[in-house]
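This report describes selected features of secondary structure, packing and backbone geometry. Please read it alongside the sequence and the coordinates shown here.

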Amino acid sequence: MELGIYGSDGVLKVTVGVDDSSTQVKELMGDNVLSLGFVLYEHVALDVNDYVDFLGERYWLMERYVPAMRNSQEWVYSIRMFGLESLIKRFLVLNSVDGDADPVFTLTASPSDHVALIVDCINEGMGCDDWTVGTVDGEDNVVIDYEGKYCNEALRELADVLGTEFWFDGTTVNVCRCERGTAVSLSHGEGLVGLEREEASNVKLYTRLFPVGSSRNIDPERYGHSRLMLPDGQKYVDVNVERYGVIHHYERDAFAGIYPRRVGRVSSVRWETASNDDGSEYRIYFFKDNALNFNPNDYELEGEVKRVSFQEGSDLAGLGEGDDHYFEVNWNNTTHEFEIITIWPYGDGTALPGGSLIPAVGDSYILWNIGMPDSYYADAEEELLAAVEEYNAKHGVDSSVYKGRTDHTWMEAHEEVCLQLGQRVRLDHESFFED
C-alpha cells in the first residue's frame with residue numbers, strides 16, 4: 001500500500017510504500033494511532049503536524065521524527081501518527097465567559113451544554129470551527145469540576161456520569177452508546193484465520209456481590225449498624241451462580257450516594273448583615289423548608305456538624321467545601337430555619353453564599369451529617385437493593401474478550417465488510433460458543 005505524507009502546508013512531501021508491520025489501532029474513548037514502517041532511499045525530514053490520509057481519516061505527527069540510517073542510501077522509518085481522538089488531549093477545558101481563559105471552574109449544566117463547551121475549546125485549540133456537537137444522552141443538569149481538565153478527560157467524566165460512552169464521527173462529538181453500521185458474522189475460514197479468548201483486563205467476573213452501604217446519615221445506636229444494609233439484613237446478592245459457581249465481589253464506591261436522606265426544597269430566604277474582624281460587611285443567609293416535618297437537632301450525630309449540599313438547578317450547586325460541595329448549617333428551633341455558615345473559599349474576599357450565588361426559593365438540597373428518622377432507613381435499604389440489582393444486570397456477566405486475525409484475502413473479496421467502532425460482530429465457532 002502506498003500513502004502520501006504531506007507537510008502542514010498541504011504540499012506532498014513523499015509517497016511511501018508501507019511494510020507489513022504497519023497497523024491502525026483505534027480504541028473507543030481512547031487513542032487512534034496509525035503506525036507506519038517504510039524505507040526511503042533518501043533522507044526526508046518529517047516534522048510536527050505532517051499528516052497522512054488513511055481510510056477517510058487524517059493522522060498527524062505529534063513530534064519531529066529522525067529516521068535510522070541503514071547505510072548511505074537507505075533510511076528506515078518507524079513512525080506513529082495520531083488521529084483527531086488523540087489530538088484533543090492537548091487542549092484544556094477553559095471557561096472564557098468573562099473573556100479570560102480560566103482552567104479552574106465548576107459548571108452546572110445539561111450534558112449538551114458541557115459537550116458544547118468542550119467542542120468550543122477543541123475548535124479554539126485547533127484554530128478551526130470544524131468540530132460540532134452530535135448526539136448527547138441525558139437532559140438533567142450535571143455538575144463537573146473543570147480544574148486543569150483536558151478535553152478527553154472531561155468527555156470521559158461526562159460519559160461516566162451518564163453511564164455511556166463518547167465517540168467521534170469525523171469531527172462530530174457524540175456522548176451516547178456507540179452503535180452503528182450493519183452487523184456482520186465472522187468465523188474461521190469466513191473472515192478469520194484464528195480466534196482466542198482472554199479475560200478483560202479491567203473487568204472482573206463475579207457471581208456473589210457483597211455491597212457495602214454508606215455510613216452517611218447513619219446513627220448506629222438507632223439503626224443497629226454502622227452502615228446502610230440491604231433489607232432484612234441480607235449480606236449479599238447472587239447472579240449466575242448456577243452457571244459459574246461462587247465468585248465473590250466487594251463493592252463500595254458504586255453505592256456511596258445511597259443513604260437515608262431527604263431531598264428538601266427551599267420555601268423562603270432571608271439575610272442579615274454581619275461584620276468581619278476587619279470591619280468589612282457580609283451577609284448571612286437563612287432559609288426555611290415548610291415541608292420539613294422533623295427537628296434536625298433531634299437527630300444530631302456525635303462529633304458531626306450538620307451539612308447541606310444544594311442540588312442541580314440551584315446557583316449554589318457544585319459550590320461549597322470538599323468533593324460533596326457542602327455548606328455547614330445550624331438549625332434554629334425557634335424560627336424553624338437553617339443558617340448557612342458563610343465561607344470565603346477563593347482567598348480574595350469573595351463570600352459564599354454571596355453576590356449572585358445565593359439560595360433561592362425552589363432550590364433543592366440534601367441535609368446530611370444527621371441520623372434521620374427511622375422511616376428513611378427502610379426507604380434507603382430498598383433503594384440500595386434496587387441499585388445492587390441494576391449493578392448486577394450490568395456487571396454480573398461474562399465479559400470475555402475475543403481476538404481474531406482477519407483473513408485479508410476474504411476481506412478483499414467482501415468489500416462490503418468494513419469493520420468500524422460500534423459495529424456489532426457475531427462470532428461463530430462451536431468450540432467457543434456451544435449454545
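The text below takes up strand pairing, then a helix pair, then salt bridges and unusual backbone geometry.

The model is predicted, so that local features need pLDDT of at least 70 and side-chain atom pairs count only at pLDDT 80 or more, whereas totals for chains, interfaces and linings use all residues. Residues are numbered from 1 along each chain as its sequence is written, and side-chain values use heavy atoms, with hydrogens and water left out.

**Strand pairing**

Helices (H or I, at least four residues) and strands (E, at least two) are DSSP runs numbered from the N terminus, and two strands pair if DSSP finds at least two bridges between them. The table lists strand pairs with their bridges and sense.

| Strand pair | Bridges | Sense |
|---|---|---|
| β21 (residues 268–275) and β22 (residues 281–288) | 8 bridges | antiparallel |
| β17 (residues 208–211) and β19 | 4 bridges | parallel |
| β14 and β15 | 2 bridges | parallel |
| β1 (residues 2–6) and β5 (residues 51–54) | 2 bridges | antiparallel |
| β5 and β6 (residues 57–61) | 4 bridges | antiparallel |

Strands β21 and β22 form a hairpin with 5 residues between them, and in its turn G279 has a positive phi of about 90°. Within this pair, R270 stands opposite F286 of β22.

Strand β5 has two of the tabulated partners, and V52 can be followed across both pairings: I5 stands opposite V52 in β5, while V52 itself stands opposite Y59 in β6. The hairpin of β5 and β6 has 2 residues between the strands, and L55 takes a positive phi near 50° there. As a general point, the side chains in a regular strand alternate between the two faces of the sheet.

An open sheet of 3 strands follows the order β18-β17-β19, with mixed pairing. Strands β18 (237–238) and β19 (248–251) stand at its edges with a single partner strand each, so one side of each is left without a neighbour in the sheet. Between β17 and β19, F210 has Y250 as its bridge partner in β19.

Another open sheet, also of 3 strands, has the order β15-β14-β28 and parallel pairing. Its edge strands are β15 (191–192) and β28, each of which pairs on one side only. Where β14 meets β15, S187 stands opposite G191 in β15.

**A helix pair**

Helix α2 (residues 111–126) packs with helix α3 (residues 151–162) at an angle of about 170°, and their axes are 10 Å apart; axes are lines fitted to C-alpha atoms, for helices over the stretch in contact, and angles run from 0 to 180 degrees between N-to-C directions. The two helices, α2 and α3, are therefore roughly antiparallel to each other, a term that applies to angles over 145 degrees, with angles under 35 counted as roughly parallel, 65 to 115 as roughly perpendicular and the rest as oblique. Their crossing is left-handed, meaning that the near helix is turned anticlockwise from the far one by less than a right angle.

The contact (heavy atoms within 4.5 Å) is made by P111, H114, V115, I118, C121 and I122 of α2 together with C151, A154, L155, L158 and L162 of α3. These residues divide into 10 nonpolar, 1 polar and no charged, where Ala, Val, Leu, Ile, Met, Phe, Trp, Tyr, Cys and Pro count as nonpolar, Asp, Glu, Lys and Arg as charged, and the others, Gly among them, as polar.

**Salt bridges and backbone geometry**

The whole structure holds 21 salt bridges, each being a side-chain nitrogen of Lys or Arg within 4 Å of a carboxyl oxygen of Asp or Glu. In one of these, the side chains of E179 and R424 meet at 3.6 Å, N to O. The pair links distant parts of the chain, 245 residues apart, with E179 in the loop between β13 (172–175) and β14 (184–188) and R424 in the loop between α7 (408–413) and β28 (425–428).

Two further backbone features lie in loops. L352 and P353 are joined by a cis peptide bond with omega of about -5°, and P353 lies in the loop between β25 (337–340) and β26 (364–368). M29, although not a glycine, has a positive phi of about 60°, and M29 is placed in the loop between β3 (23–26) and β4 (32–40).
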